[in-house]
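Visitor: I would like a close look at a single part of this structure, explained slowly and in connected steps. Please begin with the charged side chains and go on from there.

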Amino acid sequence: SQPLAGGQTAELQSKVVPSKQIIHSDNMEMEPETMETKSVTDYFSKLHMGSLVYSCTSKRKNK
Amino acid sequence: RMEASCLELALEGERLCKAGDCRAGVSFFEAAVQVGTEDLRTLSAIYSQLGNAYFYLHEYAKALEYHHHDLTLARTIGDLLGEAKASGNLGNTLKVLGNFEEAIVCCQRHLDISRELNDKVGEARALYNLGNVYHSKGKNVANAGTHDPGELPDDVKNALQKAAKYYEENLSIVTELGDRAAQGRAFGNLGNTHYLLGNFRSAVLAHEQRLLIAKEFGDRSAERRAYSNLGNAYIFLGEFETAAEYYRRTLQLARQLKDRAVEAQACYSLGNTYTLLQDYEKAIDYHLKHLVIAQELHDKIGEGRACWSLGNAYTALGNHDQAIHFAGRHLEISREVGDRSGELTARLNLSDLQMVLGLSYSTNNSMMAESHAVENSLNGGRARGRRYSMENMELMKLTPEKVPNWN
């Protein structure tokens with residue numbers, strides 16, 4: 001590649017054309033994550049309703 | 001009684017977190033754990049909420065720890081629904097930490113259990129989480145390289161296509177459930193996935209849906225996000241006027257919401273858009289606004305970008321004094337933040353500008369030599385229109401009338 005000062009002037013006749021890349025995808029705005037929630041009151045209300053049974057589990061024996 | 005006090009502390013923690021004070025909530029939950037309880041389901045709920053509180057506080061290592069405790073506990077007591085929830089939360093946390101493979105395993109577990117339990121709501125939420133993990137995974141690999149959206153290596157494309165598939169599956173369930181808020185979230189992230197895949201028309205369609213739902217809910221933050229994302233998509237569709245309109249709405253909402261950081265981002269986007277429209281006065285106006293806020297927020301990276309952009313815009317207008325001033329500031333800031341490529345870009349800019357101004361280089365020999373070395377290493381032949389990249393941007397070349405005959 002040539003030193004700048006010796007560059008062909010004709011080649012420098014370029015227009016100002018910025019790249020579309022000017023805006024980078026980093027500026028994308030994502031939606032928030034959703035976290036699953038538990039509450040001690042879920043269990044609490046079950047206690048008060050006298051229902052300690054929850055689905056899909058059978059009573060385990062203490063080993 | 002000990003038992004009651006653990007519960008009381010946990011309940012206060014819940015109340016505080018619901019009120020948005022996670023930091024205080026954490027203290028109460030930690031205290032509840034200290035007191036302890038015989039009841040493993042209560043403990044599981046405390047761990048889960050501690051994990052979420054730390055997640056919202058961006059303390060992900062701690063979030064990981066507590067969600068992991070929760071998962072272990074849920075398995076111990078055979079609480080399948082609890083296990084599904086803990087797996088989902090663990091998956092989200094692993095995603096943020098960049099551990100995508102493990103995140104996928106956890107989110108998949110969340111999905112499998114939800115299906116096993118015929119829990120449609122859980123299934124939809126797991127699908128959304130999976131979409132997010134694959135989106136992050138794709139974006140993460142994509143960011144390692146430098147290419148426009150739509151020009152992607154296969155592994156990136158695969159991950160993003162999977163993300164789109166999961167968002168679509170989520171959408172079909174939440175549409176069936178009539179959950180508009182969940183639809184809004186899925187549309188937003190689906191739009192961003194299409195954007196990265198280079199499907200800009202599809203991205204616009206998704207973000208328009210997102211916008212509609214945001215307005216339904218009066219959710220101005222979501223509305224602002226949609227405008228910003230629509231602006232980005234229209235840039236790549238080459239419809240700069242439309243992009244400018246959306247960015248203007250973004251800016252308007254950012255000001256209403258009093259969010260200086262997003263206001264700065266909107267100004268920056270507008271500056272870039274007006275540069276693309278070759279309206280340099282307007283571009284300078286917005287880049288200056290961005291610069292002021294970046295300085296106010298002590299955002300050195302943003303300040304450097306603003307100076308770089310201003311240097312280019314002033315160069316385009318032929319205002320070389322200002323161009324030199326900002327190119328010099330850009331050089332200083334690049335050095336300050338240790339941005340090597342920014343520093344070299346700034347050097348090249350300055351040497352070009354000094355040449356245009358016909359300054360003597362005798363004092364700048366070493367700088368010029370270094371610039372040449374860099375230029376050659378970048379394969380940036382002058383003859384092809386030298387490309388300087390900074391943040392994936394291309395330096396605007398000097399306009400012909402500003403270029404003197406050097407021979």
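Guide: A search of the whole structure, taken over all chains, finds 32 salt bridges, and since what you are looking at is a predicted model, every distance in what follows is a computed one. Let us start with a pair inside one helix. Glu12(B) and Arg15(B) meet through their side chains in a salt bridge, with 2.7 Å from N to O. These two residues stand 3 places apart in helix α1 of chain B, which covers residues 2-18, so about one helical turn separates them. The general rule behind this is that an α-helix has 3.6 residues a turn, so residues three or four places apart point the same way.

A second pair follows that rule in another helix. Glu343(B) and Arg347(B) are 4 residues apart in helix α17 (residues 340-356) of chain B, and therefore about one helical turn lies between them; their side chains form a salt bridge of 3.1 Å, N to O. The surroundings of the two pairs can be set side by side. Glu12(B) is partly exposed because its relative accessible area is 23%, and Arg15(B), with 48%, is partly exposed as well, whereas Glu343(B) and Arg347(B) are both buried.

Which parts of the chain does the salt bridge between Arg260(B) and Glu296(B), 2.5 Å from N to O, bring together? This pair links distant parts of the chain, with Arg260(B) in helix α13 (residues 260-276) of chain B and Glu296(B) in helix α14 (residues 280-296) of chain B, 36 residues apart. Arg260(B) has a relative accessibility of 32% and so counts as partly exposed, and Glu296(B), at 41%, is partly exposed too.

Salt bridges can also join into a network, and one such network links Arg115(B), Lys120(B), Glu123(B), Lys165(B) and Glu169(B). This leads us to helix α8 of chain B, which runs over residues 154-177. Its 24 residues should span 34 Å at 1.5 Å a residue, and because its end C-alpha atoms are 35 Å apart, the model agrees with that expectation. Among the buried residues of α8(B) are Val156(B), Leu160(B), Tyr166(B), Tyr167(B), Asn170(B) and Val174(B), and their cover includes α6 (100-116), α7 (120-144) and α9 (180-197) of chain B. Just after α8(B) comes Gly178(B), which takes a positive phi of about 70 degrees.

One of those residues deserves a pause. Asn170(B) sits in helix α8 of chain B, and its relative accessibility is 3%, which is why it counts as buried. Setting aside residues up to four places away in sequence, Asn170(B) touches Ala124(B), Arg125(B), Leu127(B), Tyr128(B), Ala182(B) and Ala186(B). As for the covering helix α7(B), its 25 residues reach 37 Å from the first C-alpha to the last, close to the 36 Å expected at 1.5 Å a residue. The N-terminal end of α7(B) is capped by Asp119(B), whose side-chain oxygen lies 3.3 Å from the backbone nitrogen of Val121(B).

Tyr128(B), which we have just met beside Asn170(B), also touches chain A, for it is one of the contacts of Glu31(A). Beyond neighbours within four places in sequence, Glu31(A) is in contact with Gly184(B), Arg185(B), Gly188(B) and Asn189(B), among others. The side chain of Glu31(A) makes a polar contact of 2.9 Å with that of Arg210(B), and another of 2.9 Å with that of Arg225(B). Glu31(A) lies in the segment before α1 (40-48) of chain A, and since its relative accessibility is 5%, it counts as buried.

Chain A itself must be read with care. Its mean pLDDT is 55, and 25% of its residues reach 70 or more. Over residues 1-25 of chain A the pLDDT is below 50, although this stretch has 72 contacts in the model beyond near neighbours in sequence; over residues 50-63 of chain A it is again below 50, with 14 such contacts. Where pLDDT is low, the predicted coordinates should not be read in detail. With that caution in mind, chain A has 1 helix and 0 strands, and 37% of its 63 residues are buried.

Definitions and conventions:
Residues are numbered from 1 along each chain as its sequence is written. Chains are lettered from A and ligands numbered from 1 in the order in which they are written. This is a predicted model: local features need pLDDT of at least 70, side-chain atom pairs count only at pLDDT 80 or more; totals for chains, interfaces and linings use all residues. Side-chain values use heavy atoms; hydrogens and water are left out. Buried means under 20% relative accessible area, exposed over 50%, partly exposed in between (1.4 Å probe, protein chains only). The expected span of a helix is 1.5 Å times one less than its number of residues. Contact means heavy atoms within 4.5 Å. A polar contact is a pair of N or O atoms within 3.5 Å; within protein, one must be able to donate a hydrogen and the other to accept it, and residues adjacent in sequence count only if both atoms are side-chain atoms. pLDDT is the predictor's confidence in each residue, from 0 to 100. A salt bridge is a side-chain nitrogen of Lys or Arg within 4 Å of a carboxyl oxygen of Asp or Glu.
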